[in-house]
Amino acid sequence: MSRHVVAPVSEIPPGGRKVVEAAGKRIVVFNLDGEFFALLDRCPHQGSQLSGGILCGLTQSDEPGHYRFSRAGEFVRCPWHQWEFDIRTGKSWFDPRRTKVRHFPAGVAEGSELVEGPYTAETIPVRVEEAYVVVEA
Amino acid sequence: MNLVRPIASYGKPAAATLGLVDVDIHPRVRDLSEFRPFVSDADWHRLTTYGIHARHGFAKGYPFPKAAPLACRRDAWPPGGGPPASDLPFLQEQLLDRYGLDVGVLNPLQPSGQGDVNDGLSVALTSAVNDWQIEHWLRHEPRLRGSIVVPYEDGPAAAAEIRKRAGDPRFCQVFLLSRTCEPLGRQRYWPIYEAAAEVGLPVGIHAFGYSGHAMTSTGWPSFYVEEVQEHATSAQAQVASMVVEGIFDRFPGLNVVMIECGFGWMPSLAWRLDGAWKRLRDEVPHLTRAPSEIMREHVFVSTQPIEEPERPEHLLDAMEWIGWDRILFASDYPHWDFDDPRMAIPSFIPEEKRAAIYGGNANRIYRFR
């Protein structure tokens with residue numbers, strides 16, 4: 001695994017996403033309220049691009065007629081068959097143990113730290129005064 | 001700029017050695033005015049002034065969003081505007097070219113006039129849909145084939161439309177929906193089968209329809225999850241009716257394709273029908289063969305949305321019973337429950353059987369080759 005600089009932080013606002021390529025993989029990076037998460041951009045079911053899905057929350061129920069909605073914007077739904085995946089973990093809601101999207105560590109690094117290397121940043125020009133999203137893939 | 005390549009490995013599935021045929025594609029009008037050239041001034045006035053009269057009160061199409069806008073894949077909206085599958089170049093790019101389809105069968109749904117209460121309007125609209133298929137799709141794309149959309153609640157009018165279109169080889173089947181006013185074996189529908197058998201076209205029966213009846217036999221369900229199970233139950237009622245009424249003996253050569261109805265129910269329905277027939281045969285003396293035998297001779301099924309049991313052998317057993325020569329690949333493009341041809345037909349199905357499902361069976365029943 002190597003670290004890839006994939007975007008300036010300013011390019012992916014909270015609630016936003018960006019599709020990037022790192023280590024030959026197509027990856028979608030999400031910003032959940034300032035935290036960054038990276039998932040393989042491929043649904044494990046039939047292979048559609050998850051980056052084309054909408055964000056949703058978690059609807060739960062203890063009994064019919066009583067519904068709770070939480071974690072708004074923290075799940076991505078497949079644009080085809082509506083499967084729900086937890087953006088924080090890549091796990092599906094209905095079968096979190098076996099059905100999951102590969103996820104990659106993601107975080108933020110200062111430009112001043114990045115210009116020192118040794119990061120794979122050939123496609124993103126890095127400036128010391130900005131912060132960047134970094135994905136390990 | 002981080003340049004992202006498209007997902008790799010598009011193209012025809014390797015096992016599709018007999019060709020790739022998709023028997024369920026749903027083209028859509030951008031808006032109703034696309035039908036204008038194909039209806040008379042009087043019918044256009046009636047349509048735009050008084051509208052469609054579905055048998056379902058207050059519903060003229062989608063009464064609720066069905067999981068995704070227009071029940072479609074979120075990535076199927078053409079970049080140039082308009083609803084999914086309303087734009088030929090985008091449909092070519094996203095479906096025909098991407099998967100290397102050899103043939104795609106168009107099955108137009110609402111608004112199509114099928115099942116409309118106003119018989120005259122139903123006749124006018126369904127015929128317009130057929131002209132529209134020719135002018136907007138078939139004329140421009142030889143890989144596409146049309147379905148003859150008929151006003152099925154009016155048997156003689158439906159038969160006339162079948163005979164009118166039958167000479168055009170671009171139409172490959174007669175198109176019905178699975179929720180009709182009465183069970184499809186009833187005499188009011190016989191002119192449809194007579195005409196279809198006469199011109200040598202199979203009858204495709206696609207899930208859905210606005211019959212006026214509740215979609216389940218015990219009433220209206222609370223959830224969409226339940227509605228999508230109803231495809232299998234209406235299909236069973238229709239197959240049982242057609243078999244028991246003796247349709248396939250009355251109209252030799254007639255075949256039906258159950259589209260988007262699933263198929264796991266086929267063996268169970270046949271076993272139960274056979275059991276009842278052995279005991280009650282003298283009620284229906286015209287039924288001279290076991291129902292299962294008739295089903296395995298005249299009823300075909302399409303794959304999408306394919307059953308996904310936990311254990312592969314259960315799927316294989318059901319397919320084995322139905323017959324490897326009677327199962328046709330379907331994608332249901334552009335709907336949200338689309339099946340990807342590369343992924344939906346599992347690789348545990350032996351290769352030559354997958355080849356039959358992908359193309360061989362459809363080529364035979366629709367005479368594409």
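**Reading chain B: a helix pair and a sheet**

Author: Let's start with a contact: in α8(B), Met266(B), Ala270(B), Leu273(B), Asp274(B) and Trp277(B) meet Pro291(B), Ser292(B) and Met295(B) of α9(B). Sorted by class, that contact holds six nonpolar, one polar and one charged residues. Keep in mind that this is a predicted model.

Reader: At what angle do helix α8 and helix α9 of chain B pack?

Author: About 145 degrees, with the axes of α8 (residues 265-280) and α9 (residues 291-298) of chain B 8 Å apart.

Reader: And how much should I trust the coordinates?

Author: Where pLDDT is low, don't read predicted coordinates in detail. Here chain B averages a pLDDT of 94, and 95% of its residues score at least 70. For the complex, the predictor gives an ipTM of 0.83 and a pTM of 0.92.

Reader: On to the sheet: is the pairing parallel or antiparallel?

Author: In general, strands of a sheet pair through backbone hydrogen bonds, and either way is possible. In chain B, eight strands make an open sheet, ordered β1-β2-β3-β4-β5-β6-β7-β8, and the pairing is parallel. At the edges sit β1 (21-25) and β8 (327-328) of chain B, each pairing on one side only.

Reader: How many bridges join β5 to β6 in chain B?

Author: Four, between residues 203-206 and residues 256-259. Look for Ile205(B), which stands opposite Met258(B) in β6(B).

Reader: Why is chain B called as compact as a globular protein of its length?

Author: Chain B has eleven helices and eight strands. Its radius of gyration is 20 Å, close to the 21 Å the globule rule gives for 369 residues, so it is as compact as a globular protein of that length. Buried residues make up 47% of the chain.

Technical notes:
Residues numbered from 1 in each chain as written. Chains lettered and ligands numbered in written order. Predicted model: local features only at pLDDT ≥ 70, side-chain atom pairs only at ≥ 80, totals over all residues. Axes fitted to C-alpha atoms, helices over the stretch in contact; angles between N-to-C directions. Helix = DSSP H or I, 4+ residues; strand = E, 2+ residues; numbered from the N terminus. Contact = placed C-beta atoms within 7 Å. Nonpolar A, V, L, I, M, F, W, Y, C, P; charged D, E, K, R; others polar. Pairing = 2+ DSSP bridges. pLDDT = per-residue confidence, 0-100. Rg over C-alpha atoms; globule rule 2.2 N^0.38 Å. Buried ≥ 20, exposed ≤ 12 C-beta atoms within 10 Å, placed from the backbone.
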